[in-house]
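Me: I have a structure open and want to go through a pocket and a helix pair. Can you help me read it?

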Amino acid sequence: MATFDELDRVVLWVSRIVVLHDHSQLDGGIPSPTQLTWDVSRPPPKRSRTEALKIAQTAAAEAARDPDHFDQLALRYSDDPLTRERGASLGGVRASQFSASFLDALQAVGRGNTTGVIETSLGFYVLSWRLPPRPEQLAGRHVLIPYLPSTGNTPWAPTRRTREEALVIAQQALAAPRPFTALVQHYSEAADRERDGDMG
């Protein structure tokens with residue numbers, strides 16, 4: 001019932017377990033809470049929808065019994081390479097980025113709890129609505145090496161390079177024994193390069 005603008009002002013802290021099957025419609029595009037970024041060179045698991053559902057139901061039942069160990073359950077059950085290794089966390093995500101079915105499921109269980117199994121065209125999800133972390137101020141600097149079709153391809157840094165070409169450059173930057181500011185000046189194509197990559 002909320003408008004997009006209202007949802008866009010709300011940040012939810014959510015973790016997820018994703019269980020794929022042989023008919024999962026995988027998207028190789030931009031990661032979002034309702035999509036799964038997948039390395040297209042890796043085929044989906046060779047399990048049936050029924051087998052995937054059983055795994056998701058097991059994960060959901062275990063998560064309901066012990067929501068504090070959702071991160072460990074993700075390591076055991078999730079097929080999501082994006083979040084599995086970082087405690088299944090999506091971080092803070094605007095509510096406007098979630099599908100209505102995800103929002104309904106989260107609303108039904110409330111903060112600090114886990115949902116049952118939610119089916120999408122990508123597979124089965126189990127979500128955990130976490131309490132937000134304590135506020136803290138962070139600062140950071142970065143090196144941006146854009147590639148197509150990434151969102152890093154900005155008007156001030158147009159590129160035609162592939163992801164593989166950008167990865168080679170990033171690996172060169174990681175191996176270079178220089179101060180970080182020198183790496184920014186040599187490799188970064190972000191607008192904040194003039195501020196030594198300072199993101200604020």
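**Pocket and helix pair**

Reply: Start with the second largest pocket: helix H4 (residues 100-109) gives the largest share of its lining, five residues. Keep in mind that this is a predicted model.

Me: How much space lies in the second largest pocket?

Reply: About 300 Å³.

Me: And which lining residues are closest to its centre?

Reply: The pocket is lined by 13 residues, and Ala2, Leu7, Ala95, Leu103 and Gln107 are the closest to the centre.

Me: How does the lining split by class?

Reply: Ten of the lining residues are nonpolar, one is polar and two are charged.

Me: OK, new topic. How do people describe two packed helices?

Reply: By the angle between their axes and the distance between those axes.

Me: So at what angle do the axes of H2 and H3 cross?

Reply: The axes of H2 (residues 49-65) and H3 (residues 70-77) cross at roughly 165 degrees and come within 10 Å. Angles over 145 degrees count as roughly antiparallel, so H2 is roughly antiparallel to H3.

Me: Is the crossing left-handed or right-handed?

Reply: H2 passes H3 in a right-handed crossing.

Me: Which residues make the contact?

Reply: From H2, they are Ile55, Thr58, Ala59, Glu62 and Ala63. H3 contributes Phe70, Leu73, Arg76 and Tyr77.

Me: What classes do the residues of that contact divide into?

Reply: In the contact of H2 with H3, six are nonpolar, one is polar and two are charged.

Key:
Residues numbered from 1 in each chain as written. Predicted model: local features only at pLDDT ≥ 70, side-chain atom pairs only at ≥ 80, totals over all residues. Heavy atoms only, no water. Axes fitted to C-alpha atoms, helices over the stretch in contact; angles between N-to-C directions. Helix = DSSP H or I, 4+ residues; strand = E, 2+ residues; numbered from the N terminus. Parallel < 35°, antiparallel > 145°, perpendicular 65-115°, else oblique. Left-handed = near helix turned anticlockwise from the far one by under 90°. Contact = heavy atoms within 4.5 Å. Nonpolar A, V, L, I, M, F, W, Y, C, P; charged D, E, K, R; others polar. 1 Å grid on protein atoms, 1.4 Å probe; cavity = no way out; pocket = protein on both sides within 12 Å on 5 of 7 lines; lining within 4 Å. Points joined across faces, edges and corners; volume = space filled by probe spheres on them.
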